[in-house]
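I opened this entry to record what I looked up, item by item. Folding pattern, cores and a few single residues are on my list.

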Amino acid sequence: AMMGEITKARGYMEGFEKLRDAHSSLLSLLAIVNIVAFLQPPKGWNQSGGDDMASHLNAKSVMYNTGSIEAYAIASSLSLYSAISGLLFYLFCSDTSVLSMAAMEMPAPETYGRNREKMLKRVRGYLRCKALPIIQRNANFLSLFLACSLTLSVMAFIASGYAATSP
C-alpha cells in the first residue's frame with residue numbers, strides 16, 4: 001500500500017512538471033502579445049509636431065484620449081505584469097531541491113532489508129507533509145497568474161474594441 005501511494009505521488013510530481021511547462025508557454029505568449037498590444041494603442045498615435053526629431057517625440061501622444069483607451073492601457077499593462085510575474089514564479093518553481101523525489105527511482109523491495117518499513121514510512125511522510133503540499137500551492141499560484149493575465153488581456157481587448165468603434 002505504501003509503495004502504491006509513493007508511486008501515485010511521483011505521478012503527481014511528474015504531472016506538475018508538465019503543467020508547469022504548459023503554463024510557462026502560455027504565459028510567454030501572453031507576455032509577448034501584451035507588450036506588442038501595449039505599444040500600439042487602438043486608434044494609433046498622434047503624429048502632430050515640427051520637422052525636427054525632438055518636437056516629434058515630445059508631441060507624440062494617443063490620438064484620442066478616452067476612458068476606454070485608459071481602461072485598455074491599464075488592463076493591458078496589468079496583464080503584462082501578471083504574465084511576467086507568472087514567468088518569474090515559474091523560474092522559482094523550476095528549483096527541484098524540494099521535489100527531488102520525482103526523479104528518484106525506488107529500489108526493489110527485496111533490497112530494503114530490516115529497515116524497509118521504516119524507510120517507506122519516512123518517504124511517505126516526506127511526500128505527504130512536504131512535497132505534495134508544495135506542488136498543490138505552486139500549481140494554484142501558476143493557475144492564478146495565468147487566469148489573471150488571461151482575464152486582464154480579454155478586458156484590454158474589449159476596451160480596445162470600444163475605443164476603436166467609438167465616434
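I set the cut-off before anything else: a residue is buried when its relative accessible area is under 20%. I also keep in mind that this is a predicted model.

**Ser76.** Is Ser76 buried or exposed? I find 1% relative accessibility for Ser76, so it counts as buried. Ser76 sits in helix α3. I then listed its contacts, leaving aside neighbours within four places in sequence: Asn34, Ala37, Phe38 and Ala156. I also checked Ser76 against Ser149, which is 73 residues apart from it along the chain. Their C-alpha atoms are separated by 8.9 Å.

**Overall layout.** I count four helices and two strands. Along the sequence I read the pattern α-β-α-β-α-α. The protein has 167 residues, and 31% of them count as buried. For contacts with a separation of 6 or more, I note that 81% join residues 24 or more positions apart. The accessible surface comes to about 10400 Å². Carbon and sulfur atoms hold 64% of that surface.

**Cores.** Next I went through the nonpolar cores. As general background, nonpolar side chains tend to be buried together in soluble globular proteins. The largest nonpolar core here has 14 residues. Ile6, Met13, Phe16, Cys93, Leu127 and Leu142 have the most contacts inside it. Which helices each supply at least two residues of this core? I get α1 (2–39), α3 (67–93) and α4 (116–165). Helix α4 gives the most, with seven residues. Another core, of six residues, lies apart from this one. I noted Leu27, Leu30, Ala31 and Leu80 among its members.

**Arg20.** I turned to a charged residue in helix α1, Arg20. Arg20 is buried yet has no salt bridge. What is the nearest side chain of opposite charge to Arg20? I find Asp21, 4.0 Å away. Not counting residues up to four places away in sequence, Arg20 touches Tyr90, Cys93, Ser94 and Leu142. Two of these names, Cys93 and Leu142, I had already written down for the largest core.

**Surface patch.** Last, I looked at the outside. Ile32, Ile35, Val36, Phe38 and Leu39 form a nonpolar patch on the surface. Together they have about 480 Å² of accessible area. I picked Val36, in helix α1, for a check. Its relative accessible area is 53%, so Val36 is exposed. Phe38, a member of this patch, is also on my contact list for Ser76.

Definitions and conventions: Residues numbered from 1 in each chain as written. Predicted model: local features only at pLDDT ≥ 70, side-chain atom pairs only at ≥ 80, totals over all residues. Heavy atoms only, no water. Buried < 20%, exposed > 50% of the residue type's maximum accessible area, 1.4 Å probe, protein only. Contact = heavy atoms within 4.5 Å. Areas by Shrake-Rupley, 256 points an atom, 1.4 Å probe, with all protein chains shown as cover. Core = buried A, V, L, I, M, F, W, Y, C linked by side-chain atoms within 4.5 Å. Lys, Arg positive; Asp, Glu negative; His and termini not counted. Patch = residues over 30% accessible without salt bridge, like charges linked within 9 Å, V, L, I, M, F, W, Y side chains within 5 Å.
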